[in-house]
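User: I would like a close look at one part of this model. Please keep it brisk.

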Amino acid sequence: MKVRHNLIKPFSLVLTILIAFGLYTETLKVGIEEHTQISDIFLQLKELEANLDLEVMQVTSFLMVQYDPLIETRRKILQLESQLITNDDNPFQNTNAKVKRALKVYLISLSQKLNVMEHIKSHAAVTQNGLQYLPTAVKNLENTEGTARSDFAGLISRLSLYTLFPSKSELDGLHSKLNNLKHTIDSNQRPHEQISNILFHAQNLLKHLSKLVGLKNLYLSVPSKKRFIELSREYDEYFAKVTERVANFNLLLLIITILCLLALYRVLYRLGIAHKKANNLWNRLHDAVESISDAFALYDHEGHLILRNRRWLTFYPWLKDHVKPGTHVDMVDAKNSKYLTTEYLDPDESGGKTQVSKRKNYLQQLEDGRWFMANDDQTSDGGTVCVRKDVTESKIAEIELKKLLRAVEASSSIVLITDVAGNIEYINPKFTEITGYSKDEAVGKNPRILNSGLTEKEIYCNLWKTIISGKEWKGEFHNRKKDGSFYWGRASISGVKNEKGVITHYIAIQDDVTHQYKLSEQLTYQASHDTLTGLVNRREFENRVERLLVSKNRGLEKHALCYLDLDQFKVVNDTCGHIAGDQLLLQLSNLLKDIVRHRDTLARLGGDEFGVLMEHCSLEDAERVTSSLLKAVQTFHFTWEGQPFIVGVSIGLVAIDENTIDLTQLMKDADAACYMAKDTGRNRVHVYHIEDSDLAKRHGEMQWVSRIHQALEEDRFCLHAQSIVPLNDQTYRHYELLIRLKDEKGKLIFPNAFLPAAERYGLIIKIDKWVIEKAFNLMSLNPDFLERVKFVSINLSGPSIVDSDVIELIFKKLKETGISGEKFCFEITETAAISNLSRANNFVAKLREVGCKFALDDFGSGLSSFGYLKTLSVNYLKIDGMFVKDIVEDPIDHAIVKSINEIGQVMDMKTIAEFVENDQILAELEKIGVNYAQGYQIDKPRPLDDIINEV
Amino acid sequence: MIKNTDPARKYGTWIKNFPCPTLVTVIYLCTIASLTFAEELKIKFEPVRPLVLRDKLDPIRVQLGEKLFNDVRLSKDNSISCAHCHNLATNGSDDKRFSVGIDGALGNIKAPSVYNSGFQFVLFWNGRANTLEEQAEGPITNPIEMGSTWPSVIKKLEADPTMKATFTKTYSDGITVQNILNAIADFERSLVTLNSPFDLWLLGNEEAISQKQLKGYQLFKSYGCISCHQGQNVGGNMFAQMGSVGNYFEDRGTKITSADRGRFEVTGQEADLYFFRVPSLRLAALQNYFFHDSSVSTLKEAIRIMGVYQLGRKIPDNDIEYIESFINSLVGKHPLLKR
């Protein structure tokens, strides 16, 4: 129905045009030009016919001396006729049959006239000659009879009269007269030749004259005029009819035109209203579009811009030249894609062209970093509505948030967020990884689920007190995992405040430090125990003794201490190797362990020396114990590879009582007693007496005091050096300076022989000073070496660090020699540093200011906690050779070295491994990532002079 | 509104009411007026009028016509052209008694001169053509003359690029039958023999003709020759019966041919029997044969016969000689006409 309705309008329009066109062509059928032509032809015909008539009358009256005008008229008539006969250029072509027939009839009559005219011409010529000749002929008829002459004259006059006024009776009269004359002449026997001639001509004349008269009448009888009138009338009728029809058509055309104009006016009026409405709508739409806070643009189905608001421009500033209506949509996205990256939110949308969705949602990022939420919607006519919302702020916030979340999620520490009541709101994956509690299990619960019960209640109280007050709490928990196992967590907990400053959440960051704890415990154990025998080592032993000495009950309680020195140990060690020696020591220590009382402390003090501390033990009881010890060792049979060994022991016993001065003295006394036992024949127990010290002095450590003094005086100390090389870069090296003593016979004595004595008797500072002075002097004397070497390491003992003379000397020498502090590194033991931490720190800090470096020596052996490391800012960490040498075989040593290295790296210290004795160790160290190596594998200690002199 | 002012109607009414006596009066007045007019132009008022170039002609067409006039391709076997039977150098007609067409076919009527043919009121002896164009078509397609067909002629001419170019230059539609005929006709219209001694005399040059010729003209008039041989072409503007006062064909003694029946062959009217177009005397002095049947080969004899059969007079030899000399004075000049 709708289709038909739609067709009516164009159909009626076409019909109207066709009708109007038809009417117009009808009016064209009789143009005024055609009518004028026909009128002109009528005029010409009339004129020509009149001419013809005139000229024919001239001819019949013998007034035309030559016929050229006549043939000219004839020619014109024929020309006109031929024009009217042909189809081309004939104005009568369009007239009706009646007119054409009338024209044809008229033309026939004209032709008739022309035809008659030709005959008139011919006869007129002959007649004219006759009329001209006859009177002359009669005039010449003088000699004949008068009657005949007068008769002929009368005949001629009658002929002339007939010429002017022809009539039938006169013609008959003339005929009879001629016959009479002929008869009269014929009756004459002798007819006159001239008379016969006249008669002949007269007869001819009469014949042609009568024909001429007949032709003239015929000519005049041709009804051409009547027919012309007929033609004219027919044409008038025709023309009147045509004119009337044309007038009717014109009227119709006029009516149609008026109707069309009325229709046009109506259409224009409606159009005007529609335009106004559309304008209003457009303006409203425009205002609406402008008022929305989003960028808006509307494109038609061909992608040309129809509408957009100003914001569209601020969103896509590069479109400034392309936002006129009609600009193609490509200008926004496709052509400027270099400005945009598009992120489709709906995964189906990015799929491809097959998707026929009408709506597209996606995010656009501009080159300048702005984010738009884009929404392209298809309109019902195939156009596109584009809406852009600036979501830069929220997008950036979202990105930030995501980043934070990802960071938290990826954090290597546990992150835990609780509400103010302590209920868990968030945990990161690390939490699950460490504790074993999944998110679902943990969220909503209290962190108490981790409580192992091993952490002191005080800590929790302190914790809550701290964080409620808004401060940060730091500490360690001993926590229980889901599977029941424990771990140490080092936590940092603080409140999260909202914008009003009110705590809404707590955040806990916790690290699993179990490994460190274990390492620390191990190290602590290592520090206090002998690795071979598992007995307490000298340090711990001395500690315990010290503790005993400073205890409150001092003087009231009696204690005892003894030194054990194996007599035949050296024999085993030398003949069967140190593995056998170790085995001997191990077996013997197990034996001794069983003998000493439960509360006593059995310690391996070094080499083949053992010590026993017997607390709350009278000297008598102690003597009993030592005797059983002695007995046990004596009865102990050690077999190595089938070879039996007998081991003896010398035992020095000292009572700890009110007379005991201090540890050093006590130890010295025990040592002296042990010496006395040996001196008095071995395999016996000697209880200390006061005289024993003097005795021992001569033979024991005491002798070193004088020897060291002597050596210093005689300058018999010398410096050796061992190179330390980087594992990853062997291009340079530095040296550790090592002291040696030449004895009186020139034999080199190693520092482990004299340094304990030097330390014990306060000579160590002198030796250190000597080394410092010697090192500086050598360096300043050998600039080549100074240039070549990165730096040299000088070992400093604990007392030297706290001695103000030493530091003064260093600064003095630096000033004197002008050598940069960077050329020196000082190695200190951790124990030495820790024993007087503040002064040590002061020492280190002062020297670091001038560029000197510091190395922590024998790290790992004497350590109680890593925590101290933080307070000591040293450059190098020397891993104790004790761990290094067994690194390949012993996994624990390996783990220790690895841990120390890790700690060193974390604290930004370079690690140096000592005792690198073979390739395997070196390879392992490299694997672990230790920075430097030192040992026989790299370089043996050599005299420093040799090193200086080598090129 | 057109009705009232229709001039045709008005004119018609005027003619209808025109009375006969008035007509006669008008005729007289016109004659006097024309005499006065002639005097003013210094042309002697005589029945013979001087030749003038009447038509304005396109020189290209005339040249083209001349080419075609001499073009043998217009004949079936490329053997003859128009000029073959109309020798322009001598007299514009054939030297022979009857013209020979293709394959030696012999015609049955004398070829008239093409000179001054533009002034002939009809063409052919029997006047069957009204225009030169109509006439030109006759000999080309006449089987015993050139024997051609139009398609073959056009085909032959089309093959000639020069010809084709010339046609295109002057006719928008190129080579067509009508254009070929028109070109030939235009050329023929240019064949006017101007400035004959008699024409010069008519224009006032008294010395142009001799006394003898003048006497000849006066005799020409007084015998009545002038009745038929008048006008510019001295003839050629009317029909006349061969033997209007005598029986020529009976006296000729030979069998009457279709050509002899003259205009009767065209109209079929008894009144037209033996009627012929009166020939022009302009180049009569140059002709070898006379009359439609070429029965006479001298002008004197022709004058004598004309006197007997057309005037009923025996013209003395003396007078014939005078008249002949007058006829000689009618010969004008044309570049193509060699004398």
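Which residue just after H19(A) takes a positive phi? Please also describe the helix itself, then turn to where chain B and chain A touch.

Analyst: This is a predicted model. The residue is A:Gly681, with a positive phi of about 120°, just after H19(A).

The helix before that glycine is H19 of chain A, residues 663-679. H19(A) has 17 residues. From its first C-alpha to its last it reaches 23 Å, close to the 24 Å expected at 1.5 Å a residue. Its buried residues begin with A:Leu663, A:Leu666 and A:Met667. A:Asp669 is buried too, as are A:Ala670, A:Ala672 and A:Ala673. A:Cys674, A:Tyr675, A:Met676 and A:Ala677 complete the list.

Now the interface. Chain B puts 45 residues into the contact, and chain A puts in 45 residues. The size of an interface is often given as the accessible area lost when the parts come together. Between chain B and chain A, about 3,700 Å² is buried, and carbon and sulfur atoms give 63% of that area. The count of salt bridges between chain B and chain A is zero. Polar contacts are found there, in 13 residue pairs with both residues at pLDDT 80 or more.

On chain B, the side that touches chain A draws at least two residues from each of helix H1 (7-16), helix H2 (20-41), helix H10 (211-223), helix H11 (225-228) and strand E1 (239-241). H1(B) gives the most, with seven residues. By class, this side of chain B has 23 nonpolar, 13 polar and nine charged residues.

Methods: Residues are numbered from 1 along each chain as its sequence is written. Chains are lettered from A and ligands numbered from 1 in the order in which they are written. This is a predicted model: local features need pLDDT of at least 70, side-chain atom pairs count only at pLDDT 80 or more; totals for chains, interfaces and linings use all residues. Side-chain values use heavy atoms; hydrogens and water are left out. Contact means heavy atoms within 4.5 Å. Buried area is the accessible area (1.4 Å probe) that two parts lose on being put together, summed over both. A salt bridge is a side-chain nitrogen of Lys or Arg within 4 Å of a carboxyl oxygen of Asp or Glu. A polar contact is a pair of N or O atoms within 3.5 Å; within protein, one must be able to donate a hydrogen and the other to accept it, and residues adjacent in sequence count only if both atoms are side-chain atoms. Helices (H or I, at least four residues) and strands (E, at least two) are DSSP runs, numbered from the N terminus. Ala, Val, Leu, Ile, Met, Phe, Trp, Tyr, Cys and Pro count as nonpolar, Asp, Glu, Lys and Arg as charged, and the others, Gly among them, as polar. The expected span of a helix is 1.5 Å times one less than its number of residues. Buried means under 20% relative accessible area, exposed over 50%, partly exposed in between (1.4 Å probe, protein chains only).
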